[in-house]
Amino acid sequence: MKADVLFTPLRELGGLLKTRKLLPVELAELYLDRLERLGPKYNAVVTVMREHALSQARRAEGEIAAGRYRGPLHGIPYGAKDLLATAGAPTTWGAAPYKDQRFDFDATVIRKLEEAGAVLVAKLAMIELAGGMGYRQPTASFTGPCINPWDANAWTGGSSSGSGAAVAAGLVPFAIGSETWGSILSPAGYCGLAGLRPTYGRVSRHGAMALCWTLDKLGPLAQTADDCGLVLVAMAGRDPKDPTASDRPYRYAAADRTGFRFGVITNVTDGCEVAVAENFTRSLGVLRKMGTVEEVTLPDLPYEQITRTILQVEAASAFEDLIESGGIVGLTAPEDRHTPYARDAILAKDYLKAVRLRGVMAREIDRVLSRYDALVAPGRINEAPVLGQEFRSAISATAKDVMGAVGNGAGLPAVCVPNGVGARGLPTSIQFMGRAWEENSILAAARAYQSLTDWHTRHPKLG
Amino acid sequence: MSEPTKLDPETDALFEIVRQRYGDRLTREQLDELRTIVRAQVEAARALRRIRLTNADEPMQFFAPYRAEP
């Protein structure tokens with residue numbers, strides 16, 4: 001055992017546990033040791049849950065030995081972004097003003113993963129308040145900037161920064177992140193991982209920090225698209241404690257398929273780094289082996305302004321007390337300490353116009369997507385940003401991200417997987433975005449892409 | 001972010017709300033940056049306002065009447 005199971009896909013890892021070739025306690029010990037020893041190197045961890053994890057692992061070990069196997073996540077360790085409430089540990093939201101915050105209950109997603117037999121080993125670092133105050137730099141977390149396991153001078157992306165670092169560094173087999181606009185796809189893309197943003201409402205948000213009530217989604221970061229499907233099925237489902245959680249049943253369809261239809265938005269690589277655009281062009285060649293690829297033009301709508309306006313207003317309202325009291329001065333990023341004040345100047349009528357236009361956007365994009373299994377695009381416009389520098393972002397209107405604006409604004413699922421390396425040797429990625437509730441279609445496409453490429457089998461050199 | 005912005009009456013009026021509410025906690029440089037951000041917000045709002053909607057285009061927002069279960 002030991003280090004040779006790192007980066008093993010979940011289906012295979014689960015098979016080893018089910019057949020007792022691997023025991024949950026020894027697997028938990030392996031990852032706990034790595035979290036304690038290497039977590040600080042990447043600023044990836046807020047709290048290591050040693051006692052809690054070993055208790056869950058011992059229970060899993062007993063259940064599996066007794067023939068009460070719960071499924072493919074039984075006995076598998078994972079980490080959770082530190083915006084998910086967990087009884088028995090702080091839940092810091094990545095922000096100094098909340099560093100001692102505790103809840104006496106578990107978020108629904110934590111409870112559901114426990115029911116699936118997964119073992120919570122750590123609460124993972126994140127950008128303060130999930131980036132909702134307008135941060136522009138990697139240091140915007142009270143635990144420091146998350147360091148990319150591929151390059152100590154590069155950031156992981158955010159706001160699910162620790163989730164990206166921990167999976168890429170082999171500190172956990174999978175992690176839970178959240179996305180309001182880009183916070184799963186960004187760290188997954190920059191760290192060479194698979195990251196799944198589910199349809200809005202697929203996963204209960206109960207117990208997760210609210211940033212934007214109509215934009216927040218929870219989803220997994222892992223080694224492969226198949227891993228993401230295995231985790232999603234454990235997370236998904238209705239929840240009386242979250243009225244937006246859908247009662248649409250979700251069953252992960254892992255069977256292979258062919259004959260995909262892909263759409264590519266005209267000029268989707270505008271603004272991308274050269275290597276990102278080149279890798280995407282090469283990826284399109286792979287996709288043509290899987291099906292058809294067509295260029296598509298979206299209707300002319302102010303997509304980014306729609307989603308940005310909703311995000312800015314909802315985040316300012318969710319943290320009204322912190323902002324109005326001046327408590328934001330306790331945040332880490334200098335810009336987070338004053339720029340939220342500007343949101344008082346967004347008019348209610350303009351916010352409602354954005355929410356009305358969201359309906360137009362949702363209908364238009366669904367009409368386009370009805371002809372395809374997925375729209376595809378680069379996962380990120382660049383390689384991971386350098387530490388110590390401000391980065392460009394669609395949320396602060398310093399970069400374009402139509403796919404992110406449409407996908408998050410309309411609540412659509414997307415998965416990204418690695419598709420090459422850039423000029424600095426860091427991972428680049430491709431994203432597949434589908435119609436609402438079509439996680440199975442985009443996961444099938446991403447799995448098929450990964451079956452024809454080997455980028456997901458490459459890992460950073462680790463200490 | 002702190003470059004001076006061109007005169008724009010709507011930006012000026014909305015920025016004044018921010019200055020009145022929070023000006024006593026902000027430096028000159030921070031106020032300049034906030035004016036730039038307000039200007040960007042106004043530009044975004046204008047992009048939204050340019051799109052005409054019909055009376056039937058409702059906000060895409062979840063709402064349900066509430067009644068406590070017995």
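# A guided tour of a predicted two-chain model

Let's start at a single residue: select A:Ala130, which is buried, with 29 other C-beta atoms within 10 Å. Keep in mind throughout that this is a predicted model. A:Ala130 sits in the loop between S3 and S4 of chain A. Its backbone has a positive phi of about 55°, although the residue is not a glycine.

Now add A:Leu129 to your selection. A:Leu129 is found in the loop between S3 and strand S4 (147-148) of chain A. Its phi is positive too, at about 50°, and it is not a glycine either. Is A:Leu129 buried or exposed? It is buried, with 28 other C-beta atoms within 10 Å.

**Zoom out to chain A**

Show the whole of chain A as a cartoon. How many helices and strands does its secondary structure come to? You should find 13 helices and 13 strands. The radius of gyration of chain A is 20 Å, close to the 23 Å that the globule rule gives for 463 residues, so chain A is as compact as a globular protein of that length. Along the principal axes, its C-alpha atoms fill a box of roughly 60 × 55 × 45 Å.

Two percentages go with this view. Of the 463 residues in chain A, 61% are buried. If you take the contacts in chain A between residues at least 6 apart in sequence, 78% join residues at least 24 apart.

**Walk across the sheet**

Next, colour the strands of chain A. An open sheet of 11 strands, with mixed pairing, runs in the order S1-S3-S2-S6-S8-S7-S12-S13-S11-S9-S10. Its edge strands are strand S1 (45-48) and strand S10 (291-296) of chain A, and each pairs on one side only. Look along the sheet to see its twist, which averages 30° from one strand to the next. A bit of background helps here: strands of a sheet pair through backbone hydrogen bonds, either parallel or antiparallel.

Begin at the S1 end. S1(A) and S3(A) pair in the antiparallel sense over 3 bridges. Select A:Thr47 and you will see that it stands opposite A:Lys123 in S3(A).

Now look at S3(A) and S2(A), which pair in the parallel sense over 5 bridges. Which residue of S3(A) is the bridge partner of A:Tyr78? It is A:Leu120. While S3(A) is selected, notice that 6 of its 6 residues are buried, so this strand is largely enclosed by the rest of the structure.

Then jump to the S10 end. Here strand S9 (residues 260-265) of chain A runs parallel to S10(A), and 6 bridges join the two. To pick out one pair, select A:Phe262, whose bridge partner in S10(A) is A:Val293.

**Helices on the sheet**

Select helix H5 (residues 161-168) of chain A. It lies across S1, strand S2 (77-81), strand S3 (119-124), strand S6 (174-179) and strand S8 (217-222) of chain A, running at about 155° to S6(A).

Just before moving on, find A:Ser159, in the loop between strand S5 (151-155) and H5 of chain A. A cis peptide bond joins A:Gly158 to A:Ser159, with omega about 10°.

Helix H12 (residues 402-409) of chain A is another to select. It lies across S6, S9, strand S11 (374-378), strand S12 (414-421) and strand S13 (427-433) of chain A, at about 45° to S13(A).

**A covered helix**

Now select helix H7 (residues 225-235) of chain A. How many of its 11 residues are buried? The count is 11 of 11. Among them are A:Asp226, A:Asp227, A:Cys228 and A:Met235. Step just past H7(A) to A:Gly237, which takes a positive phi of about 130°.

**Last stop: chain B**

Finally, bring chain B into view. Its mean pLDDT is 90, and 91% of its residues reach 70 or more. For the complex, the predictor gives an ipTM of 0.91 and a pTM of 0.96.

Where the chains touch, 30 residues of chain A are in contact with 28 residues of chain B. To find this side of chain A, select helix H9 (303-318) and helix H11 (348-369), the elements of chain A that give two or more residues to it. The largest share, 11 residues, comes from H11(A). Colour by class and the side of chain A that touches chain B shows 16 nonpolar, 8 polar and 6 charged residues.

Technical notes: Residues are numbered from 1 along each chain as its sequence is written. Chains are lettered from A and ligands numbered from 1 in the order in which they are written. This is a predicted model: local features need pLDDT of at least 70, side-chain atom pairs count only at pLDDT 80 or more; totals for chains, interfaces and linings use all residues. Helices (H or I, at least four residues) and strands (E, at least two) are DSSP runs, numbered from the N terminus. The radius of gyration is taken over C-alpha atoms; the globule rule is 2.2 Å times the number of residues to the power 0.38. A residue is buried if 20 or more other C-beta atoms lie within 10 Å of its own, exposed if 12 or fewer, and partly exposed in between; C-beta atoms are placed from the backbone. Two residues are in contact if their C-beta atoms, placed from the backbone, lie within 7 Å. Ala, Val, Leu, Ile, Met, Phe, Trp, Tyr, Cys and Pro count as nonpolar, Asp, Glu, Lys and Arg as charged, and the others, Gly among them, as polar. pLDDT is the predictor's confidence in each residue, from 0 to 100. Two strands pair if DSSP finds at least two bridges between them. Axes are lines fitted to C-alpha atoms, for helices over the stretch in contact, and angles run from 0 to 180 degrees between N-to-C directions.
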